[in-house]
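This report is meant for a reader who is meeting the structure for the first time. It goes from the whole chain to the interior and then to a single residue.

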Amino acid sequence: MKKILFATENPSKAERFRKKLVEHNIEMITIKDIESKIDVEENGKNAIENALIKARAYANRVDIPVFAMDDNLYIEGIPDEKQPGMYVRRVNGKRLSDEEMIEHYSTLAHIYGKDGRLTCRWVYGMAVVNKGKEVTYSWSKEDFYLVDKPSDKVNPGYPLNTISVNKKLNKYFTDLTEEDKTKLQENESDVVTFIVENVF
C-alpha cells in the first residue's frame, strides 16, 4: 500500500479523504503521525499558493508524497477590500472570536445583502508534491447564503454556520439534520482522483 502525508492537523479534513484513499490502496497519514511538525508561514495570495507552501515544506521533511489544501471564502456583492478570501477569521489585522465573526459577517449581510442575504461560496486549492513534481487543483462548493439574522444555535469553532443558510433546504447550517447532511454531501471523487493520479 502506498503512503501519503496530508499536511494538516485538522481531523475533520483528514476524515474527508481517508476512506476514499484506502479504496485506492493509499494509506493517508497526517502531521500528527510524524515527528517533525513545522511552523509554516502561509503567506500566499490564494488557496493554491498556500497549499503549495505547506506541501513543499513537508515534502522537504518526509520521504513520501505530500498533499495540502487551503480554502478561501468569496462573497458576492461586497467591496473588494471587504472580501475575506483566506482571512475569514482575521479582519483589519485582528483575529476574531466566534461571537465577533457572527457580528462582523451578519453586519455585512445587513449592509450589502438583498433582504439581509449575501450569496457566498468556498473555493478550495490543493497541491501534491511527489518526487519533486508539483501539481495543483482548485474547486468550489455550492453557493450558500450569509444572513443578517443569526440562528439561536452556535457550533463552537464554526461560527459562520450560525448565519449560513443552505439554498436548497432554506435551513441554517446549525439546523441541518444528519439526514440533511447526507442528502447534501457533495461528490468529491474528482479531488480523490487528482490525489490518486499524482501519487502513482
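The paragraphs below describe the overall form, the nonpolar cores and one exposed position.

## The chain as a whole

The model is a predicted one, and its chain holds 5 helices and 10 strands. The radius of gyration is 18 Å, close to the 16 Å that the globule rule gives for 200 residues, so the chain is as compact as a globular protein of that length. Along its principal axes, the C-alpha trace spans about 50 × 40 × 25 Å. Of the contacts between residues at least 6 apart in sequence, 59% join residues that are at least 24 apart.

Of the 200 residues, 44% count as buried, while the accessible surface comes to about 11,400 Å², with 46% of that area belonging to carbon and sulfur atoms. The chain carries 31 positive and 34 negative side chains, and the centres of these two sets lie 1 Å apart.

## The nonpolar cores

In soluble globular proteins, nonpolar side chains tend to be buried together. The largest nonpolar core here has 20 residues, and those with the most contacts inside it are Ile4, Phe17, Leu21, Met28, Phe67, Met126 and Ile195. Each of the elements in the table supplies at least two residues of this core.

| Element | Residues |
|---|---|
| Strand E1 | 2-6 |
| Helix H1 | 11-22 |
| Strand E2 | 26-30 |
| Strand E3 | 66-75 |
| Strand E6 | 117-130 |
| Strand E7 | 133-140 |
| Helix H5 | 189-197 |

The largest share of this core, 5 residues, comes from H5. Apart from this core lies another, of 19 residues, among them Leu108, Cys120, Leu160 and Ile163.

Within H5, the residues Val191, Val192, Phe194, Ile195 and Val196 are buried, and the buried residues of this helix pack against E1, H1, E2, E3, E6 and E7. Isoleucine 4, leaving aside its neighbours within four places in sequence, is in contact with several residues, including Leu21, Met28, Phe67 and Ile195, which are also listed among the residues with the most contacts inside the largest core. Other contacts of isoleucine 4 include Ile26, Ile29, Ile64, Val66 and Val199.

## An exposed isoleucine

Is isoleucine 111 buried or exposed? This residue has its place in helix H3, which covers residues 98-112, and because its relative accessibility is 54%, above the cut-off of over 50%, isoleucine 111 counts as exposed. The C-alpha atom of isoleucine 111 is separated by 9.1 Å from that of isoleucine 78, although the two residues are 33 residues apart along the chain.

Terms used:
Residues numbered from 1 in each chain as written. Predicted model: local features only at pLDDT ≥ 70, side-chain atom pairs only at ≥ 80, totals over all residues. Heavy atoms only, no water. Helix = DSSP H or I, 4+ residues; strand = E, 2+ residues; numbered from the N terminus. Rg over C-alpha atoms; globule rule 2.2 N^0.38 Å. Buried < 20%, exposed > 50% of the residue type's maximum accessible area, 1.4 Å probe, protein only. Contact = heavy atoms within 4.5 Å. Areas by Shrake-Rupley, 256 points an atom, 1.4 Å probe, with all protein chains shown as cover. Lys, Arg positive; Asp, Glu negative; His and termini not counted. Charge placed at Lys NZ, Arg CZ, Asp CG, Glu CD. Core = buried A, V, L, I, M, F, W, Y, C linked by side-chain atoms within 4.5 Å.
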